[in-house]
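Me: Could you take one part of this structure and walk me through it slowly? I'm in my first year, so please explain the terms as you go.

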Amino acid sequence: MKGKDFVLLNDKVLPNDVKCYSCCTTMDLIALVTKDDQIIIHRFLTWQKLFTINHMTIINNNINNTNNNNNNNNNNNNNNNNNNNNNNNNNNNNNKSIVSIQWSPNGKMISIGCEDGSIYIYNIENAKLINKSHNHNHPIHKLVWIKENSQQRPQQQQQQQNKNSSIKCNSNYVSPPLFLSQIKQNMNLFPSISYYFENSKEENIYLGGDIYDRPFDILICCDNIGVISLMAFGLFKIVTIDLLSLLKQKYSNTHFLIKHSKSLKILDITLTESLNKLSVMVETDNGLFLSVTMDTSILLEKRNEIHDISLQYFLLFQLQQSLDIHIKEITEKWKETQQQLSTKWVEFEKVLSDYGFSSSIEQELIDLLMCGVPSPPTNQFIVNNLNIKKLKLTESNCNSIREILIKYILPSFLNMFHIITVLHNSSLENDRYKGLLDTSTIKTILDYCGSFGMRLQSLETLICGIESHYTSFFSWLYKVQCALNEIQPERKLSLPFNELSIMSLLKKGLKFDLLFSPSLSSPSSPSNSNNNSPSFSSYNNNNNNNNNNNNNNNNNNNNNNNELNQSGNISFGGINNENLEFQYKDLKGNFHDLFKDFSSKIFDTFNEITTVLPSLFKFENVIPFCLYDKNDTSVSHKFNCSLISHPNDIVYLSIYTTLSNSNRLFICKIEDKLNWSFTCYQLNEKYCILGCKFFNNSSLMALVSEDIIKANQKKSTRKNTYLKQYQYNKTDDSDDREYIKLDVNIPPSTILLDLLDTVFSNEIEESFKSREIILKSRISPITLELSPSRKILATLIGKRRINIYDLAEDEEVEEEEEKEGEEEE
């Protein structure tokens, strides 16, 4: 028996074209993205399809929900909004197409990058959307998710302190487990996050209980013009780097091609597990390939503080979701209540119109309240058209709204206020949080939060007042109805009522929205109270605005309100804000607009970290590797590269390019800024590397094509494709490869590849493992993806054929099969 390297686990032809794919880091799973943007999860061994995530359907549902909420808040512009939203949906769908995919380090989430620069995170356990962000304006063509290795951290900090005495090691360093336990203790002051969503109808709520137990990780997102963003846990953006702008600022005079570059593409990127070094391989639009290394030791130095801020951001984001859900809920409940009442008042107006009465419904009821004798239309309406039991549902809705406010909204806000306060206190610790949190900004946000909290408290008081007024009003109507029908009132429905409360309600207008009334800036009256634009304003202020033209009326209204307060009823004015003006401003205007401002302002707390951190990143070196003329279309050049980080901030870089004078696979060991070592594999002249990726700390995997040229042909029409494994580091079974140290501090405008071609010999070396993937084929392209932890490699042949290989085992082949294969060849 003779063996084949690697075991072929599966060879599947798929029903749909595959755009991109990724292998799970912890489980035997592979994620495929089809051309219609469906994410399909399969098992490696059995090819069992676990589930499908229909990305476009989820996006459309979210857009529709957002548009519905906006339309509910802007009924006056409903038709225009619907037309605009439909057009926007069609345009947005074209830009939401998936272009990249990556698993999280724990294998429980998948990140996807889209054409429009948006990034979506899906939960693999339930196929639900966890988070969406839009930090880029161009397609996200590469995603890399790095898990921080906290075990390296104390040693790395000591090395960094010895290397650069200007950077102080954090003397308050706390190991991650203790650090996380401190955060959990602070969270115990309030109800758990699940409490706020226990009765929510929303399905796509990520409670994130595991985020406080899993190691700190960073999702690296790269768009196709060279902008890089780093997102803690894939949820919170901590850094944005415009790599091209930074290169031009510092190196435009060093290399002439950098100065004239207009865009660049990131070929590969890695961040060391200590968070100390960022390595990038890029290609500019004018044909220059560069290796860029950046010192990101600020991430190492401020790791605990960044972790703390990231978790506070996530908690704040969840609480903001809770506020948003419950405020929408009370808005819908109140709108339903208003609609029920409005239907009855329209019926009343029709009855008055049929009788030829020109008086308003409010005036008719005031006359009844004052005189005790109804007019004929009023008598008919009360006797025949009123169902008091249904109208009293308004009271239960008010009670339900108040319960939501007290049980969910106010606690959510208080928790958010506590978080902002904690961040404000943290910002005062200049040594630890300097450059991450801005004290003055957070103080301003804290003041605004206090003002908004007063409005929420006032909203709760206002609802109590509305419930009290409607209770009196409906009790009075029920007694009138019973008297007119000459029946005995039921005890449950026959409650005491307050005439002043009823009078105040009727003077305001039965169609007037008492909870979300028109903005204070616009005049309002019962005659034009059909405007349903939701806003929050106090009843007393609206009374004053409605009667500005008559000072006597103003005085009378004030007296009436004073009488109302003295009689024991709660006025619509809410709490008295005069005693609190020294600390918080009295926010006025549309309540939903204020809530949007509040939701936006609280996240301004984190602007400092995203602004300052990138400025503290430093270039270690920028090395031009090779150059080609993009205007020369007669020659097709290939350039493949891969990056991997090792412990102690060592980075390995593999490069293969047809621009080299010799057919070589170069491997570079980057230990520090100037300590670079190189080795290479001299390849057969018929070989061409289609793609390569580092497999582990000792070897890399490469897809290698071999040209088949017949005697009467000048060019090959068919190719053999192999999967080869090359050793670049010492293993237990082999000796260490020889690396040659080179001075990379080369003169400006010099290309490193020219230097490398003169250093190494031309002795051909074969890989130590190899397997045929496809023979005598014209199919292209062929790509590969790895799961180093599972020792699995997947290849996509063309657009529909997937091969899965086990790299840990070799396949045995019977001798008869071997002879048959030789005869076929």
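Reply: Let's look at the open sheet, with a short stop at a cysteine afterwards. This is a predicted model, where local features need pLDDT of at least 70 and side-chain atom pairs count only at pLDDT 80 or more, while totals for chains, interfaces and linings use all residues. Residues are numbered from 1 along each chain as its sequence is written, and side-chain values use heavy atoms, leaving out hydrogens and water.

Strands here are DSSP runs labelled E, at least two residues long and numbered from the N terminus. The open sheet has 4 strands in the order E3-E4-E5-E6, with antiparallel pairing. At its edges sit strand E3 (18–23) and strand E6 (49–54), each pairing on one side only. Neighbouring strands of this sheet are turned by 20 degrees against each other on average, direction ignored; the axes behind that angle are lines fitted to C-alpha atoms, and angles run from 0 to 180 degrees between N-to-C directions.

What does pairing mean? Two strands pair if DSSP finds at least two bridges between them. Strand E4 (residues 29–34) and strand E5 (residues 38–43) pair in the antiparallel sense over 5 bridges. Leucine 32, for instance, has isoleucine 40 in E5 as its bridge partner.

Now the cysteine. Cysteine 24 is buried, at a relative accessible area of 0% (buried means under 20%, exposed over 50%, partly exposed in between, with a 1.4 Å probe and protein chains only). Its closest cysteine sulfur belongs to cysteine 23, but that is 8.9 Å away, too far for a bond. A disulfide needs two cysteine sulfur atoms within 2.5 Å, and searching the whole structure turns up 0 disulfides.
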